[in-house]
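Me: Could you take a close look at one part of this model for me, the strand pairing? I'd like a connected walk-through rather than a list.

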Amino acid sequence: MSLTFWKPGTAGPGSNLDRASEVEETFLPYAPVQRQGEQLPIFKHRRNLLYCVEKYGVVIVVGQTGCGKTTQLPQYLLQAGWADEGHVIACTQPRRIAATSVATRVSEELGTKLGDEVGYTIRFEDVSSKEKTRILYMTDGMLFRETLVDPLLSRYSVIMVDEAHERSVYTDLLLGILKKIRKKRPSLRIIVSSATLDAINFLDYFSQDRSSEKATIVSLEGRTYPVEVAYIQEPIEDFVRKAAEVVWNINLQQGPGDILVFLTGREDIERCLDELAEMLPTQATYRLPSTAMRLLPLPLHAGLTTEEQLHIFQSAASGTRKAIISTNVAEASVTIEGIKFVVDCGFVKIRIFNPTTALASLATVPISVASATQRAGRAGRTSPGICYRLYPIAVFKALPMTTSPEITRTDMTTPILQLKSLGIDDLMKFDWVSSPPAESVLRALEGLHASGMIDDNGRLTPIGERVSECPVEVGIARMLFRSKDYHCGEEILTIAAMTTVQDVFVIPDGAAGALAELERRKFTAEEGDHFTLLNAYNAFTKYGRSSGWCKSHALSFRAMSRAVSIRSQLKKYMQRFNLPIESCEGDSKRLSRCLVSGYWRNGARWTADGTYRSVRGDMVLHVHPTSVLFTRKPRTGWVVFHEMEETKKTQ
DNA sequence: GAGCACTGC
């Protein structure tokens, strides 16, 4: 590559970047909300906000991350008496880590013990007290599940749905239910916290009909640093290579501050690290400008072990600059302090479910304006920063405003079963924040009907009622219930837990991968992946459940520990439904039959050319390379598969 | 012979 130097003081790296024409006006990542050109009021004093909560049933709150809305707002409400008379203030988060860390911080601020006045509830962990807790942080999925038990959520006086702009399936379902609850219980207050661009959508949603009369929107002023945005002039072909060049040039041109690069996936990240590794030796041989620092490139993606992820947070030695090459995890899930430069490739990988074919796929798609703003904002958390977008400004202007809500591109089988359980039978009349596609609803209903969860009239059956309570997919739940007939509850429980966690086996690239592959073979069962997972789980519990053991046997300790938690939770459900937990005592036939009873809709037949044909739809299927059946023929010529996915494989 | 965005109950 050629080394290009910029004059000091220019916006910087990106060849042919002309400051005058290509640097957008410096902006604040969280601009005030505008409607038809009119700026909506910004509230600086808490009494204004409390007045709105008092006067309006629904308040949409816009504020930057770190303006204190998540930690401060519930405390204001507490002081204003919203948690008197045994009421609880809830604050929901899309992620477990946010619920726990925020609860910890707020309980410290109030000088109380975590789990007393301030607590949290996430799957597997309830650190709260029925008597004492006044402010409860929880995942939105957890609160949605609570509606199955208490349909009016009667213990809560205020429910704040935080990070609503992320539009997870559970956030959407929860908002739909909350709107319904407010009609029956107008004393309930709802606060929806959102990013600027989505705020108007939520306001419109809550004020679109006459019965939900009172909704308003307020902006909270926060401390933000300006972020300068630079665009590339011409579209580029290889953003991975370009990202590496830009990182290199930032290091030469700019003062101190760490770099965060957004790429799409592990493959991109590794290639970018390779490109940077090739450039690194020149650090020693060239005479570099005095501003240049030692560059320390680090990968970041969800597949890393906890240990590996810790490197990201350690501050680099003096004179060294971290360059964190990341997937979308760094956009909202992981926050790294000290980032001054962001490089944004403009793409993201999202999972798309096609309801017509029942095929899931991972697609690389352009990000939204909201997402680009969020990424840029990562540069301005602790000081003014610069964001380099690896796409022209014209491309930016053509981006969709927001990312499509998950509910529009996911399998709706489980959510619809849960809605049915809440007594919402007419799905066409349900007041969705965004409607799922009609085909998606139809496919889910058809599937629920075929597996006996709903009757001919679309009403929940007794088994459907019980399955809706189980926190697993319908097929898995069916399997758990049928294990009674096959006397194999013990093993089915393990298989259910193991199929729920992903990335159980850790197979790295290269020579280490070949060794890991050999380790995995020790667990391989000729019956297939379900039995292989069962073997791995049993070995894990037999040999002391240690991380060292996992490491030497190509297993992910994180995944295995999670499987243990899920298994014990599912065991409680089985006991509640009086399902016996018996062992099949090595009778693999009985176990196979039980698997088929849950997953008979996912049957496929082996053919002589090595491919499979699905029973439903007669589609040509290939075995995924991560399956133990990738290298072998099924003994009976028939398989049941866990899921179908569309990949890059051709032919 | 071929592949792994990210969450959540």
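Reply: Let's start with strand 18 (residues 347-354) and strand 19 (residues 359-366), which run antiparallel and are joined by eight bridges. To find your place in that ladder, look at R351, whose bridge partner in strand 19 is L362. The two strands make a hairpin with four residues between them, and in the turn you'll see A358 with a positive phi of about 65°. Bear in mind that this is a predicted model.

Strand 19 has another partner too: strand 25 (residues 645-646) pairs with strand 19 in the parallel sense, over two bridges. Here A360 stands opposite E645 of strand 25. So strand 19 is a handy place to see both kinds of pairing, as strands of a sheet pair through backbone hydrogen bonds, either parallel or antiparallel.

Now for some other strands, in an open sheet. This one has four strands in the order 23-22-21-24, with antiparallel pairing. Its edges are strand 23 (620-621) and strand 24 (638-640), each of which pairs on one side only. At the strand 23 end, the neighbour is strand 22 (residues 612-614), and the two pair in the antiparallel sense over two bridges. If you want a residue pair to click on, take R613, which has V620 in strand 23 as its bridge partner.

While you have the side chains on, remember that in a regular strand they alternate between the two faces of the sheet.

Methods. Residues are numbered from 1 along each chain as its sequence is written. Chains are lettered from A and ligands numbered from 1 in the order in which they are written. This is a predicted model: local features need pLDDT of at least 70, side-chain atom pairs count only at pLDDT 80 or more; totals for chains, interfaces and linings use all residues. Side-chain values use heavy atoms; hydrogens and water are left out. Two strands pair if DSSP finds at least two bridges between them.
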